[in-house]
Amino acid sequence: MADLDIGLHCQLEHCRQRDFLPFVCDGCSGIFCLEHRSRESHSCPEVTVIKERLKSDMHTSYPCSYKECVEKELVPVICPYCEKNFCLRHRHQSDHECEKLEIPKPRMATTQKLVKDIIDSKTGETAVKRRKGAKNSATAAKVALMKLKMHAEGDKSLPQTERVYLQVFLPKESKEKSKPMFFCRQWSIGKVIDLAASLASLKNNNNKLTGEYALFLL
């Protein structure tokens with residue numbers, strides 16, 4: 001990230017320190033850091049003239065503009081942004097709540113918002129797909145049940161309320177892999193197997209003691 005170009009360097013050649021709120025000498029109008037802000041410290045050429053002026057008016061001082069602050073300075077400490085005078089304690093923008101202080105926005109704020117929007121959109125799409133998938137599954141199940149009932153074979157004399165519809169998978173010896181059938185809810189398993197064998201034309205020895213070829217229900 002590029003360095004922010006804020007503040008100025010001290011004019012003294014052996015210093016050149018950058019100060020974010022530099023001092024302007026009221027004698028020579030030079031720019032100096034905190035350490036060299038006094039006229040004596042930077043050998044101000046106007047120091048003699050200023051001293052004479054101070055002697056003529058010993059009561060000259062510069063009050064701080066910050067709220068409820070009673071501090072005063074012998075030299076003006078001007079904020080280059082709001083152009084008001086402050087004491088050393090309140091000379092920085094953040095210290096005197098400068099009206100022109102710009103608070104930098106978080107660097108990642110825009111990126112974070114973009115990521116959040118993408119996640120929210122994907123979450124919404126997933127929820128919609130799930131709802132559609134559940135709806136499609138329910139519809140497919142209803143269609144499959146209707147087809148099963150249309151083609152199912154069984155005892156036609158059974159009332160609709162007593163019927164149980166099943167897709168019966170047949171043994172390998174059968175010509176068909178499976179066959180839709182319906183049975184009575186109250187029948188025993190043996191009776192269900194007997195009817196299923198009859199409808200599928202399967203050999204059924206379940207009622208014989210030899211049991212050479214027995215059918216069973218899984």
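Student: Which residue in β8 is the bridge partner of leucine 166?
Tutor: Methionine 181 is the bridge partner of leucine 166. Bear in mind that this is a predicted model.

Student: How do β7 and β8 pair, and over how many bridges?
Tutor: Strand β7, residues 163-169, pairs with β8 in the antiparallel sense, over seven bridges.

Student: And is β8 mostly covered or mostly open?
Tutor: Mostly covered: of the seven residues in β8 (178-184), six are buried.

Student: Back up a bit. What's the order of helices and strands along the chain?
Tutor: The pattern is β-β-β-β-α-β-β-α-β-β-α. That gives eight strands and three helices.

Student: How much of the chain is buried?
Tutor: Buried residues are 27% of the 218 in the protein chain. The chain exposes about 16,800 Å², with carbon and sulfur atoms supplying 56% of that area.

Student: What share of the contacts join residues at least 24 apart?
Tutor: 26%, counted among contacts between residues at least 6 apart in sequence.

Student: Cysteines next. How many disulfides does the structure hold?
Tutor: Zero.

Student: Why is there no bond between cysteine 25 and cysteine 28?
Tutor: Because their sulfurs are 3.7 Å apart, which is too far for a bond, and a disulfide needs the pair within 2.5 Å. Cysteine 28 holds the closest cysteine sulfur to that of cysteine 25. Cysteine 25 itself is buried, at 4% relative accessible area.

Student: What about cysteine 10, which cysteine sulfur is closest to it?
Tutor: The one in cysteine 33, at 3.9 Å, again too far for a bond. Cysteine 10 is buried as well, with a relative accessible area of 1%.

Student: Salt bridges, then. How many by this rule?
Tutor: Four. One of them joins glutamate 97 to lysine 67, with the closest N and O atoms 3.4 Å apart. That pair links distant parts of the chain, 30 residues apart: lysine 67 is in the loop between β5 (62-63) and β6, and glutamate 97 is in the loop between β6 and α2.

Student: Is lysine 67 buried or exposed?
Tutor: Exposed, at 53% relative accessible area.

Student: What does lysine 84 form a salt bridge with?
Tutor: Glutamate 99, at 3.7 Å between the closest N and O atoms. Both lie in the loop between β6 and α2, so the pair ties together parts 15 residues apart in sequence. Lysine 84 counts as partly exposed at 38% relative accessibility, while glutamate 99 counts as exposed at 58%.

Student: Which residue's side chain meets lysine 179 in a salt bridge?
Tutor: That of glutamate 153, at 3.4 Å from N to O. Glutamate 153 is in the loop between α2 and β7 and lysine 179 is in β8, so this pair ties together parts 26 residues apart. Lysine 179 is buried, with a relative accessible area of 10%, whereas glutamate 153 is partly exposed at 32%. The two are linked with Glu176 in a network of salt bridges.

Student: Where is histidine 90?
Tutor: In the loop between β6 and α2. Histidine 90 counts as buried, at 8% relative accessibility.

Student: What does histidine 90 touch, not counting residues up to four places away?
Tutor: Cys64, Tyr66, Cys69, Asp95 and His96.

Student: Last one: which residues make the nonpolar surface patch of about 270 Å²?
Tutor: Ile6, Phe20 and Tyr81. Tyrosine 81 is in the loop between β6 (72-73) and α2 (109-151), and is partly exposed at 31% relative accessible area.

Definitions and conventions
Residues numbered from 1 in each chain as written. Predicted model: local features only at pLDDT ≥ 70, side-chain atom pairs only at ≥ 80, totals over all residues. Heavy atoms only, no water. Helix = DSSP H or I, 4+ residues; strand = E, 2+ residues; numbered from the N terminus. Buried < 20%, exposed > 50% of the residue type's maximum accessible area, 1.4 Å probe, protein only. Contact = heavy atoms within 4.5 Å. Areas by Shrake-Rupley, 256 points an atom, 1.4 Å probe, with all protein chains shown as cover. Patch = residues over 30% accessible without salt bridge, like charges linked within 9 Å, V, L, I, M, F, W, Y side chains within 5 Å. Pairing = 2+ DSSP bridges.
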